[in-house]
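Please examine the structure shown below, with attention to its internal space, its open surface and its charged side chains. The paragraphs that follow take these topics in turn.

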Amino acid sequence: GGAMSVWSTIVQGLRAFDEQQQQRSCEAAVDLLRAENSQAAEAIEAGAVSVLMPLLTRDFSPVLQQQAVKVVQLLLHQAGDQGKRALVKENGVNSAVRLLRCADTGLLLAACSVLEQVAMLDEAAHSSVLTSGAVYALCQAFTSAKHAGQQEALVGVCHCVCTLCSQPTPPDYSTCNQFFPILADSINSGVEQACVSACKCITALARQCEASSSSS
């Protein structure tokens with residue numbers, strides 16, 4: 001129908017080798033997604049996710065990256081599991097992990113939110129996040145946020161770690177082990193929100209360990 005042809009035009013625009021054109025296409029995508037809830041499925045069918053992913057990680061202007069991230073977040077928000085599946089299929093997890101290395105707090109927080117949402121899809125998606133290098137990248141991001149005194153980034157990374165530690169099933173001991181340094185640093189960070197999240201997370205992990213050791 002009409003929506004499909006509109007989306008194929010937008011997707012063509014996102015593929016253009018012209019940043020102005022790509023930005024305009026991102027703006028059009030945001031408008032469409034905000035206007036009409038049913039548009040997300042058409043966007044995914046037209047291949048929007050696969051053209052957006054490279055925009056997140058190649059060396060484009062931060063403005064274009066931010067716009068592309070906004071479209072991805074709207075798609076995830078509206079298309080639910082279909083959006084998350086498309087993201088996993090299109091290598092979106094690796095793109096998000098690469099975004100974690102970004103100096104821009106907004107993009108970093110967006111990457112955290114993408115990883116959290118994908119991890120919540122199912123066990124396979126969760127393990128694809130854990131094996132993607134996300135843990136290492138989150139540790140790095142946490143350290144740079146701490147050195148730069150960026151509280152918002154620090155809290156966002158801490159929240160992402162806490163989500164990955166608990167969704168959708170408790171991860172194995174070695175995974176938790178990788179996260180403990182960040183959780184400990186969060187408690188020592190002096191940032192209340194990060195400290196509270198980390199304490200809750202460690203308490204939950206301790207309960208899980210106790211439960212699994214008593215059941216075996």
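In this predicted model, the lining of the largest cavity is made up of Val49, Leu52, Met53, Val72, Leu75, Leu76, Gly83 and Leu87. Two helices, H4 (48-57) and H5 (62-89), each contribute at least two residues to that lining. Helix H5 provides the largest share, with 5 residues. In character, the lining of the largest cavity comprises 7 nonpolar residues and 1 polar residue, with no charged residue. Gly83 is counted as the polar member, because Gly is classed as polar under the scheme used here. The space inside the largest cavity amounts to about 40 Å³, and the structure holds 1 cavity of 30 Å³ or more.

Helix H4 also takes part in an open feature, the largest pocket, to whose lining H4 and helix H1 (2-15) each supply at least two residues. The volume of the largest pocket is about 150 Å³. Its lining consists of Leu14, Arg15, Ala16, Phe17, Gln22, Ser50, Val51, Pro54, Leu55, Arg58 and Phe60. With 4 residues, H4 gives the most to this lining. The composition of the pocket lining is 7 nonpolar, 2 polar and 2 charged residues. The charged members are Arg15 and Arg58, because Arg is classed as charged.

The charged side chains lead to the next topic. Side chains of opposite charge can pair when their charged atoms come close. How many salt bridges does the structure contain? The count comes to 2 salt bridges.

One of them joins Lys84 to Asp81, with 3.9 Å between the closest N and O atoms, a distance that lies within the 4 Å limit for a salt bridge. Both residues belong to helix H5, where a spacing of 3 residues separates Lys84 and Asp81 by about one helical turn. Is Lys84 buried or exposed? Lys84 has a relative accessibility of 14% and therefore counts as buried, the threshold being under 20%. Asp81, at 38% relative accessibility, counts as partly exposed.

The other salt bridge links Lys146 and Asp185, whose closest N and O atoms are 3.5 Å apart. Lys146 lies in helix H9 (residues 134-148) and Asp185 in helix H11 (residues 173-188), so this pair ties together parts that are 39 residues apart in sequence. Lys146 is partly exposed, its relative accessible area being 36%. Asp185 is likewise partly exposed, with a relative accessible area of 28%.

Methods:
Residues numbered from 1 in each chain as written. Predicted model: local features only at pLDDT ≥ 70, side-chain atom pairs only at ≥ 80, totals over all residues. Heavy atoms only, no water. 1 Å grid on protein atoms, 1.4 Å probe; cavity = no way out; pocket = protein on both sides within 12 Å on 5 of 7 lines; lining within 4 Å. Points joined across faces, edges and corners; volume = space filled by probe spheres on them. Salt bridge = Lys/Arg side-chain N within 4 Å of Asp/Glu carboxyl O. Buried < 20%, exposed > 50% of the residue type's maximum accessible area, 1.4 Å probe, protein only.
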